[in-house]
Amino acid sequence: MPNIKSAKKALRQSQKRRKNNLGKKRLIKNALKDYNKLVVGGDTDSAKQQLASIYKILDKAAKRGLIKKNKAGRLKSRLTLRLNKQLLKSNPES
């Protein structure tokens, strides 16, 4: 445990930031799980709407340094690919 006043404050700040970051990461994780359930369930219209909100969440997380920029791009790419595969599977004639 810190003895110096500034170190005590730094510890409090660190704990608060860790709590906030874990909450935001949990938000991302839950949004991805919900999206995957929609895609697997075949509800592509709702999945398209959810995808837009996930893009926003991922971009904001990357901007604030919660995740890296390339990870956000990679996740967005994979989510879009998954949706497009589902759309082709459900509508093969187009």
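## Exercises on a predicted three-helix model

N91 belongs to the segment after helix 3, and at 32% relative accessibility this residue counts as partly exposed. The structure is a predicted model, and the exercises below work through its helices, its core and some single residues.

**Exercise 1. Determine how helix 2 and helix 3 are oriented towards each other, and name the residues that make their contact.**

Solution. Begin with the geometry: the axes of helix 2 and helix 3 are 9 Å apart, and the two helices pack at an angle of about 175°. Since angles over 145 degrees count as roughly antiparallel, helix 2 is therefore roughly antiparallel to helix 3. Next, list the residues on each side: helix 2 contributes T44, A47, K48, L51, I54, Y55, L58, D59 and A62 to the contact, while helix 3 contributes K69, A72, L75, K76, L79, T80, L83, Q86 and L87. Finally, look at one pair from these two lists, Y55 and K76: the charged end of K76 sits over the ring of Y55, at 5.2 Å from the ring centre.

**Exercise 2. Describe the largest nonpolar core, and state which helix gives the most to it.**

Solution. The largest nonpolar core has 17 residues, and those touching the most other members are I28, Y35, I54, L58, I67, L79 and L83. Helix 1 (5-41), helix 2 and helix 3 (69-90) each supply at least two residues of this core, and helix 2 gives the most, with six residues. As a general background to this step, nonpolar side chains in soluble globular proteins tend to be buried together. To see how one member is placed, take I54, which touches A31, L32, Y35 and L79 when residues up to four places away in sequence are not counted. A last check concerns the rings: a search of the whole structure finds zero aromatic pairs.

**Exercise 3. Classify Q86, L38 and A52 as buried, partly exposed or exposed.**

Solution. The classification needs two cut-offs, under 20% relative accessible area for buried and over 50% for exposed, with partly exposed in between. Q86, a residue of helix 3, has a relative accessible area of 16% and is therefore buried. L38, found in helix 1, has a relative accessible area of 21%, so this residue is partly exposed. A52 lies in helix 2 (residues 44-63) and, at 49% relative accessibility, also counts as partly exposed.

**Exercise 4. Find the contacts of Q86, L38 and Q50, leaving aside neighbours within four places in sequence.**

Solution. With those neighbours left aside, Q86 is in contact with V39, G42 and T44. Under the same exclusion, the contacts of L38 are D43, S46, A47 and Q50. Q50, whose place is in helix 2, is in turn in contact with A31, D34, Y35 and L38, so that the pairing of L38 with Q50 appears from both sides.

**Exercise 5. Set separation along the chain beside C-alpha distance for four residue pairs.**

Solution. Take each pair in turn, reading the sequence separation before the distance in space.

- A52 and N36 are 16 residues apart in sequence, and their C-alpha atoms are 14 Å apart.
- Q50 and L83 are 33 residues apart along the chain, with their C-alpha atoms separated by 11 Å.
- L38 and K71 are likewise 33 residues apart in sequence, but 22 Å apart in space, C-alpha to C-alpha.
- N91 and D43 are 48 residues apart in sequence and 13 Å apart in space, C-alpha to C-alpha.

Note on methods. Residues are numbered from 1 along each chain as its sequence is written. This is a predicted model: local features need pLDDT of at least 70, side-chain atom pairs count only at pLDDT 80 or more; totals for chains, interfaces and linings use all residues. Side-chain values use heavy atoms; hydrogens and water are left out. Rings of Phe, Tyr and Trp (its six-membered ring) pair if their centres lie within 6.5 Å; planes under 30 degrees apart count as stacked, over 60 as edge-to-face and the rest as tilted. A charge sits over a ring if NZ of Lys or CZ of Arg is within 6 Å of the ring centre and within 35 degrees of the ring normal. Helices (H or I, at least four residues) and strands (E, at least two) are DSSP runs, numbered from the N terminus. Buried means under 20% relative accessible area, exposed over 50%, partly exposed in between (1.4 Å probe, protein chains only). A nonpolar core is a set of buried Ala, Val, Leu, Ile, Met, Phe, Trp, Tyr and Cys residues joined through side-chain atoms within 4.5 Å. Contact means heavy atoms within 4.5 Å. Axes are lines fitted to C-alpha atoms, for helices over the stretch in contact, and angles run from 0 to 180 degrees between N-to-C directions. Angles under 35 degrees count as roughly parallel, over 145 as roughly antiparallel, 65 to 115 as roughly perpendicular and the rest as oblique.
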